[in-house]
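Reader: I am new to reading protein models. Could you take me through one kind of contact, slowly and with examples?

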Amino acid sequence: MDYPYGPLAPDQGELTPGAMMVADGVQPLAEGYGPFPSLVVSATATALSGAPRGLVSYQTADGTWQVVGFTASTAELKQADDTWSSIDSGLSVTAGDDWCPLRFGTKLLYTNTLQGLRGYDVESGGAASAVSAAKAPRWIFECGNILFGLDTLDSAGNRNNKLIRSSAFSDHTNWTTKGADYQPLESGGALIWGGKISDTAALVLQSQAVKLIQVGNVGNALWGIQTVSEGFGAVGAKSVVSFDGTVWWWATDGLRMFSGGVISKPLEGMMDRWFLDRVDQENLSLIQGTVDPFRKNVLWRWKRSGGSSDVIFEDIIGYNWAHKKPFTLTAQTTYLGYTASPALTWDALDSSVTWDTYDVIWDSRFLQGGQPLFGALNGDYKFGYFSGGAMAATLEGFATANRVTGLVNWAVPADDSDDGTLQLGVKDRLNDSTTWKTGAAKVASGRVPLRGRGKVVAFRRNIDSGSSWTYAKGVDYIDANAGGPR
């Protein structure tokens, strides 16, 4: 192929063969890219009562998936019709923090440093209750049936952001007896995040260190802690995503990943510099991520430098761990999450829905129900799923430099979309700005008529939103005439 679509790697520069400068609105494939579905909100969906300050999904004992959204003053349970009902109210949350929620036994636990730890019974309902003995942790996680609290109050009631507390075995209310313990850390900076990576191990991220907790058979203690790495940590708890024993998080020098006992940088040399040049450096703690297990993606929403809102963002960066490729999405969101949808039948749909007007693709996993899907709260705080028609896609690849001027006449997009345009980008010197010619559509033969002259040539494929397509692999059969040097 003349012009293949390789990995998104703007850090490598435009002359790197195969590197993509833009891969937006797409899903990475083993070869090239495919469409990414748009965010769809149901007609019956209502808004969370305020700006989101946390989102969690979990399964009840009967296998039903539930979602709870948090605001600064409420915890609200999402109903099957995507409306919200309050399960806790009159709350308060620390400025700049979100709630930290966790399913533990029959309880949904949630905490912040101002309100402290609270528990709601997800099986029987009723009123939520406070757990003052936990000493108001900023973050909680479970490992080995022990609940851990990070950044808690000490015995004198003063906050210690290096203090770890642990509860009694299988008892989130007991923090003083039956094996409950606490340990302050002397190095590594403030505690940021913790999460289980196996039945007996958990990863702990500080502002300047990464540590590992081992539970069981640790001398005379129930658990012990050891240093994995020092010198860097996480920019904020919301940026950390944990799934199937792997943890991804953003540090001040880019994306890091812990897997199999090893820390790596999956975007190093690809997008770390590009991202850090664009993200709001003064608000790195606003980076918020989740996992899309079906598509094998981990994704983060982020605020651009100069962005006007700390709540509504337009940008998402993703990493596909199966094909080891990053990508971007453009979608207005206020929080990312994933959960399963209830199965739907035609009779259960709103009476205003018709076969032609329904936004969800008819063979979507969304309609099957019971399968975890990537979703988000949109700009109106309504929950939806990325299960609609294809997003608008943009694929811009590397540039080729020649010692003589070339005139490009035709090219063939190697994709199965009949929509959108192919643009030709030209310039004469590498330090010039690329001039992008007006895009042209495919003709009956599949070719695209182009007209442009330059020593440096690139291509940009634009595919319309809602287009029906499955792959885009590059640009082929480029028809060009060489001229003399200029």
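Author: What follows is a close look at the salt bridges in this predicted model.

A search of the whole structure finds 23 salt bridges. Here are three of them, taken pair by pair.

Start with Glu 123 and Arg 103. Their side chains meet in a salt bridge, at 3.4 Å from N to O. Where do the two residues sit? Arg 103 belongs to strand 10, residues 100-104, while Glu 123 lies in the loop between strand 12 (117-121) and strand 13 (129-131), so this pair ties together parts that are 20 residues apart in sequence. Now check their exposure. Glu 123 has 38% relative accessibility, so it counts as partly exposed. Arg 103 has 26%, and it also counts as partly exposed.

Next, go to Asp 415 and Arg 461. Their side chains form a salt bridge too, at 2.8 Å from N to O. Asp 415 is in strand 33 (residues 400-415) and Arg 461 is in strand 36 (residues 448-463), so the bridge ties together parts that are 46 residues apart in sequence. Are these two buried or exposed? Both Asp 415 and Arg 461 are buried.

Some bridges share partners. Such salt bridges join Asp 97, Arg 138, Asp 151 and Arg 159 into one network. Look at one link in it: the side chains of Arg 159 and Asp 151 meet at 3.3 Å, N to O. The two ends of this link can be checked for exposure as well. Asp 151 is buried, with a relative accessible area of 2%. Arg 159 is partly exposed, with 32%.

Methods: Residues are numbered from 1 along each chain as its sequence is written. This is a predicted model: local features need pLDDT of at least 70, side-chain atom pairs count only at pLDDT 80 or more; totals for chains, interfaces and linings use all residues. Side-chain values use heavy atoms; hydrogens and water are left out. A salt bridge is a side-chain nitrogen of Lys or Arg within 4 Å of a carboxyl oxygen of Asp or Glu. Helices (H or I, at least four residues) and strands (E, at least two) are DSSP runs, numbered from the N terminus. Buried means under 20% relative accessible area, exposed over 50%, partly exposed in between (1.4 Å probe, protein chains only).
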